[in-house]
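Q: Could you take a close look at the site around ligand 2 for me? I'd like to know which residues come nearest to ligand 2, and then how the rest of the chain is put together.

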Amino acid sequence: PGSQLPFDETKKTVVILGSGWGSTSLLKALDTTEYNVVCQLFSLTCNPAKHLWTQVVVSPKNFFLFTPLLPSVAVGTLSPRSIIQSTRYITRHKTRGVSVIEAEAQSVDPVNKTVTVTDNSPIKGATSTKKIPYDYLVMAVGAEVQTFGIPGVQEHACFMKELADAERMQKQFMDCIETAAFPGQSEEEVQRLLHMVVVGGGPTGIELSGELHDFLEDDLKSWYPELASKIKITLVEALPSVLPMFSKQLIDYTESTFKESKIDIMTKTMVKEVKPDSVVLQMPDKSIQELPCGMVVWAGGNKGRKVTQDLMAKFPQEQTNRRGIVVDDYLRMKGADGIYAIGDCSATSYAPTAQVASQEGAYLARMLVQIAKKDQLENKLEALEIEQTKIEDDEARKRIVEEIDATRAQMAKVKLRPFHYSHQGSLAYIGSEKAIADLPFMNGNVGFFVIFWTWSEMLTRCYFA
Ligand code: FAD
Ligand code: NAD
């Protein structure tokens with residue numbers, strides 16, 4: 001950090017919204033040393049102010065969250081601190097100082113190129129709203145939980161998206177068990193309190209159910225031997241099967257593992273309402289049933305955030321995909337100037353996963369270096385052309401013309417390559433120390449595996465290799 005160049009507000013500014021998978025990968029890979037070189041080169045030209053970049057990161061939380069291990073925090077197997085990394089820890093190791101602002105982007109003005117950010121944390125200073133100008137904006141705000149406006153979800157269900165969600169679930173889960181252990185509790189009430197309902201058979205719901213089952217087997221049986229056998233886990237999914245993105249063999253394997261683990265899977269069943277003590281279901285035959293339960297965890301999918309939707313609404317011609325920001329092959333927001341979108345807030349042909357977001361972030365870091373090179377050369381050209389008009393000496397003019405030609409040739413060599421996603425496979429933990437994996441092979445085919453391995457070891461290898 002001692003060698004960091006100071007943040008320079010007169011330089012070109014990249015504003016990155018978010019501190020998740022996409023933006024963290026971008027920040028880590030962004031080579032700010034390149035920009036120093038750019039600065040030294042162009043301090044000799046007529047307009048040095050536009051040749052160096054500074055970066056601003058804006059996010060309502062000041063850390064990166066390793067989402068794959070969130071369900072382990074929810075059942076208390078991992079401590080919350082072990083799955084986060086401070087964004088300032090990442091930025092303080094960059095060559096050029098990066099400004100980190102803990103705030104929420106409220107709106108983007110793509111005409112004047114500004115973002116309005118607000119500090120929505122409990123403690124506010126005299127100033128809590130600010131307009132930040134940008135030259136380049138990276139939208140990496142992820143997505144938020146989709147509740148489809150179903151009554152009671154927001155009020156009574158736990159989510160599994162943020163660190164606070166996992167902490168809340170862990171509290172509620174343990175409270176249900178302790179309340180069931182309260183002396184004199186009726187049998188019916190004990191059964192209700194120990195019934196955990198997970199809504200959504202996507203990877204989040206499946207992994208969480210698996211973790212709940214492990215916790216029951218590994219810990220609760222010895223802590224609460226009289227209650228453990230009464231704990232029931234039900235997974236509710238509206239579609240005909242769970243994990244639609246995995247191959248049929250792995251779906252069948254997951255369903256049979258859940259059966260052995262005594263996790264009930266209810267497919268073709270839709271949650272219609274969540275009440276404080278129960279969940280209302282529409283059954284496959286369209287009849288309505290009410291299941292008493294102690295806790296409901298909602299893993300029903302995601303939708304775009306308000307800041308993303310509002311920005312998209314400013315480009316009604318180009319931004320017509322309800323899943324998120326439409327980008328071109330270079331991850332540039334269609335219709336806008338200087339805005340990029342990566343990760344879950346964008347709509348691409350790839351699944352909204354950490355794997356995609358981090359590859360997009362790393363790609364954008366490489367792109368920004370190329371763009372910086374291009375900008376340098378453009379500015380050099382501009383300066384040379386101005387100089388050319390002022391020179392009267394023929395020899396000197398000839399030298400400038402040669403330099404202009406050489407600069408043009410260099411510019412032609414700066415190629416911006418389109419983003420290419422390399423799929424490393426899909427993994428999901430299903431409990432009982434088993435994970436399922438659809439892995440691509442060199443011939444393009446997908447192989448499916450059941451892996452018996454320490455899940456955290458698996459993740460560590462996949463994400464940090
Ligand atoms: P995020 O990582 O969600 O980051 C968004 C960032 O934007 C956050 O820092 C947030 O605080 C910030 N932000 C939000 N609103 C604003 C605003 N208004 N202004 C500024 N900043 C804002 N994917 C996999 O590939 N493999 C897995 O094993 C896997 N497991 C998962 C497990 C769980 C429980 C969950 C919930 C998801 C999992 N995913 C997994 C999906 C993966 O987490 C997402 O695809 C990934 O987080 C997307 O990255 P992102 O950068 O687009 O968004
Ligand atoms: P999802 O969209 O994949 O699944 C949500 C499920 O909830 C859907 O199957 C939907 O039919 C169901 N649902 C919605 N409303 C319902 C209702 N009222 N009643 C019953 N069921 C209902 O969401 P997710 O599991 O949170 O995953 C989100 C993204 O994150 C996906 O792209 C996923 O691949 C990724 N992810 C990946 C992993 C992994 O790779 N291990 C883990 C978690 C998440």
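A: Here is the ligand site, followed by the cores, the chain as a whole and a few loop residues. A quick word on conventions: this is a predicted model, where local features need pLDDT of at least 70, side-chain atom pairs count only at pLDDT 80 or more, and totals for chains, interfaces and linings use all residues. Residues are numbered from 1 along each chain as its sequence is written, chains are lettered from A and ligands numbered from 1 in the order in which they are written, and side-chain values use heavy atoms, with hydrogens and water left out.

Start with the shell. There are 26 residues around ligand 2, and T204, E207, E237, V271 and L427 come nearest (near means that a heavy atom of the residue lies within 4 Å). Nitrogen atoms of the ligand turn up in several polar contacts (pairs of N or O atoms within 3.5 Å; within protein, one must be able to donate a hydrogen and the other to accept it, and residues adjacent in sequence count only if both atoms are side-chain atoms). E207 uses its side chain, with a polar atom 2.8 Å from a ligand nitrogen. V271 works through its backbone, where a polar atom is 3.0 Å from a nitrogen of ligand 2. L427 also has a backbone N or O atom in play, 2.6 Å from a ligand nitrogen. On its own, ligand 2 has 850 Å² of accessible area, and the protein covers 78% of that (Shrake-Rupley method, 1.4 Å probe; for residues, only the protein chains shown count as cover).

Which elements give two or more residues to this shell? They are α8 (203-223), β15 (270-275) and β23 (426-431), with α8 giving the most, 3 residues. Helices here are DSSP runs of H or I with at least four residues, strands are runs of E with at least two, and both are numbered from the N terminus. By type, the shell splits into 15 nonpolar, 9 polar and 2 charged residues (Ala, Val, Leu, Ile, Met, Phe, Trp, Tyr, Cys and Pro are nonpolar; Asp, Glu, Lys and Arg are charged; the others, Gly among them, are polar).

Now the cores. The largest nonpolar core has 52 residues, among which M169, F173 and I177 touch the most other members. Such a core is a set of buried Ala, Val, Leu, Ile, Met, Phe, Trp, Tyr and Cys residues joined through side-chain atoms within 4.5 Å; buried means under 20% relative accessible area, exposed over 50%, and partly exposed in between (1.4 Å probe, protein chains only). Helix α6 (residues 163-180) gives the most to this core, 8 residues. Setting aside neighbours within four places in sequence, I177 contacts L194, L220, Y224, L227 and I231 (heavy atoms within 4.5 Å). A second, separate core holds 48 residues, including V98, A341, Y363 and A365.

Stepping back, the chain has 14 helices and 25 strands, and 49% of its 465 residues are buried.

Last, some loop residues. R322 sits between α11 (306-313) and β20 (325-326), and counts as exposed because its relative accessibility is 83%. L331, in the loop between β20 and β21 (339-341), counts as buried because its relative accessibility is 2%. Its phi is near 65°, a positive value in a residue other than glycine. Most residues other than glycine have a negative phi.
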